[in-house]
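Reader: I should be grateful for a close look at a single part of this protein, explained for a first-year student.

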Amino acid sequence: MDASLEKMVDPTLAEMGKNLNEAMKMLEDSQREADEEREKKKYIRKDIPGPLQGSGQNMTAILQLVQNLMHGEDEEELQSHRRLQNIGEQGHMSLLGHSLAAYISVLDKERLRKLTTRILSDTTLWLCRLFRYENGSAYYHEDDREGLLKVCKLIIHSNYDDYATEGFNVLHNKSPVLYISAASRTGLGQYICNQLGLPISCMCSVPCNTMFGSQHQMDVALLERLIKDDIECGKLPLLLVANAGTPGAGHTDKLARLKELCSQFKMWLHVEGVNLATLTLGYVSSSVLAATKCDSMTLTLGPWLGLPAVPAVTLYRHEDPSLSLAAGLTTSQPVEKLRALPLWLSLQYLGHDGIVDRIKYASQLSQRLLENLRKLSSIRTSVEDEFNSPVLVFRFIQEHLKSALDGAQYQTAAVQESTKDSNERETDDALNRWLGEQLGQLVPTSGVDVVELEDEGACIRFSPLMTAAVLNTTPEHVDQLVECLKAKIPILISTLQLREEFKQEVYQTPALTYIEDLSWPGLGAIRYEINNEEPDPEKQLLAMEKITTRLLKKLKEFDSDLMFSTGPEFGSEKNCIYIGMVAETLDVPELVETIAATGKEIEESSKLLENMTEVVRKGIIEAEQQLQKANEAKLLEEGVLRQIPVVGSVLNWLSPVRSSVKGRSFSLAGGSLESTDKLYALKAQASEGTPPPTPTASRTKPKSPGQKLFRRSSRASVSDMVSETSVGHTEEMEGSQTITGTTRLEGENEIHKSSESSVQLNGDLEHPGPIQPEGKSDENRSNVQEVHQTSESAEAQDLEKEDLR
């Protein structure tokens, strides 16, 4: 089986299967011997799924099935997931711990009790020493919010003596109050109230400072007033949840001052946040070090150390074990104590140096990025501790706010930005969301993401402590992130500079309407307004949609570097064209003029096509009637015998008849039948050597699709631009078209109208007679398509016979 596991594509699953197999062999007291002599009956039922029938599958087949379910059978898709599977040997230890926990659970009770007690005590002692939390107990849980929930139950049991017997009735006279920072993760307070069965009124959100201090730190003075007001109202303050690293910006509350306030009002202080990881380092800031004096803290070691499927840990201090048992923080079930086994194995594998190095490495990555961002005047950073902060938040700022702002200057800049116009603020947020998405796509191993902060707005967050261990982030990835950021800043600046010019150009163009969409991170949005008096709004909307679709397709062909789209998927504006980020070389007036001219050309061709279709349809009906009358007149004039093929030829030879029925041509412009006398006269002139006059309008060769059109370096005149876009496919329509058969119009024909009012029809119009479009230029006459000449050919034969006589 080992050879089969080595052949597997997924190295993680192969290594896990190998380690599990070796562990099972070492822990079993004796080898299992297969009883091949005894025959086993196989019960095969149709209602049993295939994999369950028979004696089961071997481990290799099962692991191969799991691999296919995880990654699919596509090799390319499997290779794309290799990066996320780099969990290292410590990850294998964690995965092995889950398998060993299931195996250990089948031991006898006494041996299981001793083993679980040892695992639990060792892990708790190690964590308390690592995070400087003396004399603490530990609760291991899968959901990182569950530890706080159990702590709340412990506090309620401690403050309400009859809660275990009376339940929620004891809370009626003196309602509990739980205080949570407004900068905490969303939905935490509602989750606690729902799980405890408390009304939402028991949860009090404490605002952060708005004028003095950090924008993400809890307002201690306001918290004190809230506590006093609740006490006067007969309520009981129980718990305060503070942050050592807010979920958004990674800031730490004033924990020392909050601990004094909680001691004064006999409240429980619970701390959580990513900055608690720095407690393992040699140097710890005083603000984070104050967390060691709190009553409880929650640690998420899985992402910090790159350990998959390890539980979160809540360290707490409480002297009454019976209340801890009632709250669920401790358990008498040995199997539940095995939750700590994966963590117990992983901590031993890493050791103290390995744990400290991983957390220090994440802080160094953050510091490396911070040093590079300081050199960019268009980027403002938000860092609380410049030396070992594991979270870095930065944001692109507009031109008038450019300055090297970091550290203490950040607070002043934040106050200044809060006074900006709301429209400008929303524009900045859109640009920063676009920038964060671009950086995440270009450098996925960096782990950057976009966060929405209450005061700053949309920002880009780099938190290597939560992502570096899983994504295997290196200093080279940080340098690559900086280079991508430097490449995107000029595009952001140029887009901001050209937005107002684009807006004014659109306002000055009658056919275009500027769409104000501040959430769009680009040059802007426009709508081409059609000149349509259609009373039906649905038909008018459909016509506008068709023109917008064709216009969008044309613009994409003109310039492949610019992004033209229909906007956000769930946007409120319809039939609009959104233009994305642009470079400084963009010629805005030419872009706007091209959009207006192309839209007008498409609209006119659409109207001309509709009108021409109706005119041609009516003209064909009238032409059929006239041709039918002409055929009847010919029949009366020539007689029935002359219509017989053989007899008619003999009679025409013996007694030629000069027919009075003239040849006809069908004019596409007028939609009517006309005489062919003019046509023969023009052909006679052409045979004498008189060249037809050439069109006077100059025509330039159209630009190829994808060519960069809107650039200042090669800006063309408006007339050249219009001629390039309006000529279209004229070269493809040269020559004559033969129209035969019965009268019909096939397909929807595109009609391009040039400056000489020439008409072009892409399609086939069939009619039993010579057809000539109406017009004065020889160019139009050359496009006439002759039909099978019946009466004309007969007339020519008669004339020839008379000459012979």
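How many residues lie between E10 and E11 in the hairpin that they form? Please describe the sheet around them as well.

Author: This is a predicted model, in which local features need pLDDT of at least 70 and side-chain atom pairs count only at pLDDT 80 or more, while totals for chains, interfaces and linings use all residues. Residues are numbered from 1 along each chain as its sequence is written, and side-chain values use heavy atoms, with hydrogens and water left out.

The hairpin of E10 and E11 has 3 residues between its two strands. The names come from DSSP runs numbered from the N terminus: helices are H or I runs of at least four residues, and strands are E runs of at least two. E10 and E11 are antiparallel and are joined by 5 bridges; two strands count as paired if DSSP finds at least two bridges between them. Within this pairing, Val 450 has Ile 460 of E11 as its bridge partner.

The hairpin belongs to an open sheet of 4 strands, in the order E8-E9-E11-E10, with antiparallel pairing. Strand E8 (379-382) and strand E10 (449-453) are the edges, each pairing on one side only. From one strand to the next, the twist averages 40°. Such angles run from 0 to 180 degrees between N-to-C directions, and the axes are lines fitted to C-alpha atoms, for helices over the stretch in contact. At the other end of the order, E8 pairs with strand E9 (residues 392-396) in the antiparallel sense, over 4 bridges. There Thr 381 stands opposite Phe 394 in E9. In a regular strand the side chains alternate between the two faces of the sheet.

Two helices lie across this sheet. Helix H16 (residues 341-373) lies across E8, E9 and strand E11 (457-462), at about 25° to E9. Helix H20 (residues 475-507) likewise lies across E8, E9 and E11, and runs at about 25° to E9. Contact here means heavy atoms within 4.5 Å.

Another sheet offers a useful comparison. It is an open sheet of 7 strands with mixed pairing, in the order E1-E7-E6-E5-E4-E2-E3. Its edges are strand E1 (137-141) and strand E3 (203-206), each of which pairs on one side only. Neighbouring strands of this sheet are turned by 20° against each other on average, direction ignored. Strand E2 (residues 176-181) and strand E4 (residues 236-243) run parallel and are joined by 5 bridges, with Val 177 opposite Pro 237 in E4. Helix H10 (residues 220-232) lies across E2, E3 and E4, at about 170° to E2. Helix H6 (residues 109-130) lies across E1 and strand E7 (312-316), at about 110° to E1.

As for the whole, the protein chain has 27 helices and 19 strands. Of its 805 residues, 45% count as buried, that is, under 20% relative accessible area, with exposed meaning over 50% and partly exposed in between (1.4 Å probe, protein chains only).

Finally, a word on confidence. The pLDDT, the predictor's confidence in each residue from 0 to 100, averages 76 over the protein chain, and 66% of the residues score at least 70. Over residues 714-797 the pLDDT is below 50, although this stretch has 166 contacts in the model beyond near neighbours in sequence. Where pLDDT is low, the predicted coordinates should not be read in detail.
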